[in-house]
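Reader: Could you walk me through one helix pair in this model, close up? I'd like to see who touches whom, and then how that part fits into the rest of the chain.

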Amino acid sequence: MDRASRRGLSPRLWLAGGWLLLALLAAIFAPLVAPQDPLAQDLMLERLPPLWLDGAEPGYWLGTDSLGRDLLSRLIFGGRIAFIVAFAAAIAACLVGSTLGLIAGYFGGWADRIISRIVDIWMAFPPVLFAILLVAVLGTGLSSVILAIAIIDWTRFCRVIRAEAMGQSRMDYVENARIAGYGRIGIMLREVLPNVVPSIVALLSLEMGIAVIVEAILSFVNLSISTDDPTWGGIIAEGRLSIHQAWWVLVFPLITLILTVLSFSQFGEALKARFDPVLR
Amino acid sequence: MLLQRFLIRLLTMLITLFGVAVVVFVVIRVAPGDPIAMMLPPGATDDDIARLRALYGLDKTIVQQFFIWLSGVVRGDFGTSISLRQDVLGLVFNRLPATLELAIVALIMAVALGGTTAVLGARERGTAVEAGIDIASGAALSIPDFLWGLVLILLFGVLVPIFDISGRVSPQLDLPFVTQFYFFESLLRLRFDLTWDLLKHMLMPAVALALPLAAIISQLLKQSLKEVLDLDYVVLARVKGFSETQVILREALKNAALPTLTLVGVQFTFLIGGTVIVERLFSYEGLGNMAIDAVINRDLPLIQGIVLVFALLFVLINLVVDMMYALLNPRLRHG
């Protein structure tokens, strides 16, 4: 292993992994971990500051929002939505995009021309507007958000995997497999696919971070999941409104989002560096 | 050669735009909500609904509607907004300049910041300065514009309130402008008091949009510069006695800039895509902000018009960059 690979296992990566694990566990065990009911409103407790400031109430670690709901508990429960969307949307986008990319890159010809044209069309949409439009059409809700992100972001996988599969299919080993009598689909799945898996895994990690952001943006414009279920973007939207009265309602979800996105991208970068043949 | 390349690009551009039109048309017509029902007061008769549907052409089949709409678009008629009851093209042209100004100011900032840090990083290669630039650009790249916008709102809107966090211009000001390009026009009219007010509103959204792009430019340009700096002609310039900064600016930059240029084109379209949510965040009265309202109001003609204008902008930028690349790249120019 050389410098680049070892740098991939730096303290930064441990911090990223630690944060994601912590946030994930908190989200999974939210009912046990959260100090308060995330939906409980209490106007006597509105806009309480975080624990270390004057006027705070014990038990409300990060303070409360303008309806007196506990911020920490809402962040923990919001993590559930964030992680479900991150995993489900990224995997769905990955399956569609990687499959089409593999087909376009390996088979070339008409398949490539059609798929590439569709990718071009998709790239001509402003992604955030496309996402908002899709959720408005599909109706708000968890599955709509996941579907919308998958429909938009499959192109990220498709473009990269297409280029990689194209490169791989010109390699000698692919030719050897053909001479050895393997079918084209067999070669694609057994020979080309394993060689592009590292890129897929790296992209998957990056995409999870992107999905978390898109979900936050959708709930920020009030189009994510419709009920009172707390979401990070929803808390941010509240925080943006009460920014001059209660800055903490914006600061803490923002820190949570930034740490989560940075962690996912650190993982993606590290995986890319680890598997990149040029760096290796 | 160049002309042929241009014509092929023009053709694929039209196919892409047609594809965008089809996709957006189909997507919004699968929508379950009835835009007509939202326009009428409760208690409207079925007759009223039918009349209004006919007025907006919604009583025909999707294929018919598409070709009626498309033939209008070709003639420059994008239909009438359902929620605002105004001509879609007029509404779009009214808002587009605000978005373009924001995007262009952000692009200039990104190129300036990315270019400066790239040159600095290349000059100080291997030192703590380069390492610092790498960390900063890594963070700028990983955090998307939406989050940068929020960070800036907190820092310079609340903590140190020096900039305005909502709107495009202070509402009490008297605006003498004849175009919608307020910022550029204020510069031309030498009304720097207005320029300053506009800038105070525009600066934070522009920085939020610029930071990720600046990081990409910085990383890629620094990489290309470092590669070029080892080549013979650069070494020769150094032997001639030019300082390292002179060597980079006079000799290395023009050859290292080409790969960055192509990338900046694609990334600029991402930046424009980012204006949608950043405008929302800062209540900036641009096209993106109007687009979100149009979606929320289920204003089909307006959504179609805005999406198509964005798509047109994107493919035009790609076309221009492609042509610039072909013109500047000696291998393609003479090939």
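Author: Take helix α5 (residues 88-123) of chain B and α11(B): in this predicted model, their axes come within 8 Å and cross at roughly 145°. The crossing of α5(B) past α11(B) is right-handed. On the α5(B) side, the touching residues are B:T99, B:L102, B:A103, B:A106, B:L107, B:V119, B:A122 and B:R123. Facing them from α11(B) you'll find B:E244, B:T245, B:I248, B:L249, B:F268, B:L271, B:I272, B:T275 and B:E279. Sort that contact by class and you get eleven nonpolar, three polar and three charged residues.

Now zoom out a bit. The unreviewed UniProt entry lists several stretches of chain B as "transmembrane region", among them 102-122 and 256-282. In the model, residues 102-122 of chain B are 100% helix and 0% strand, with 30 Å between the end C-alpha atoms. For residues 256-282 of chain B, the end C-alpha atoms sit 36 Å apart, and the span is 96% helix and 0% strand.

There's also the neighbouring chain to consider. Chain B puts 35 residues in contact with 30 residues of chain A. α11 (244-281) of chain B is one of the helices that supply at least two residues each to the side touching chain A, along with α1 (2-29), α7 (145-159), α12 (287-296) and α13 (300-328). So far as class goes, that side of chain B has 29 nonpolar, five polar and one charged residues.

How values were computed:
Residues are numbered from 1 along each chain as its sequence is written. Chains are lettered from A and ligands numbered from 1 in the order in which they are written. This is a predicted model: local features need pLDDT of at least 70, side-chain atom pairs count only at pLDDT 80 or more; totals for chains, interfaces and linings use all residues. Two residues are in contact if their C-beta atoms, placed from the backbone, lie within 7 Å. Helices (H or I, at least four residues) and strands (E, at least two) are DSSP runs, numbered from the N terminus. Ala, Val, Leu, Ile, Met, Phe, Trp, Tyr, Cys and Pro count as nonpolar, Asp, Glu, Lys and Arg as charged, and the others, Gly among them, as polar. UniProt positions are given in the numbering used here, feature names are shortened, and annotations may be inferred rather than shown by experiment. Axes are lines fitted to C-alpha atoms, for helices over the stretch in contact, and angles run from 0 to 180 degrees between N-to-C directions. A crossing is left-handed if the near helix is turned anticlockwise from the far one by less than a right angle, and right-handed if clockwise.
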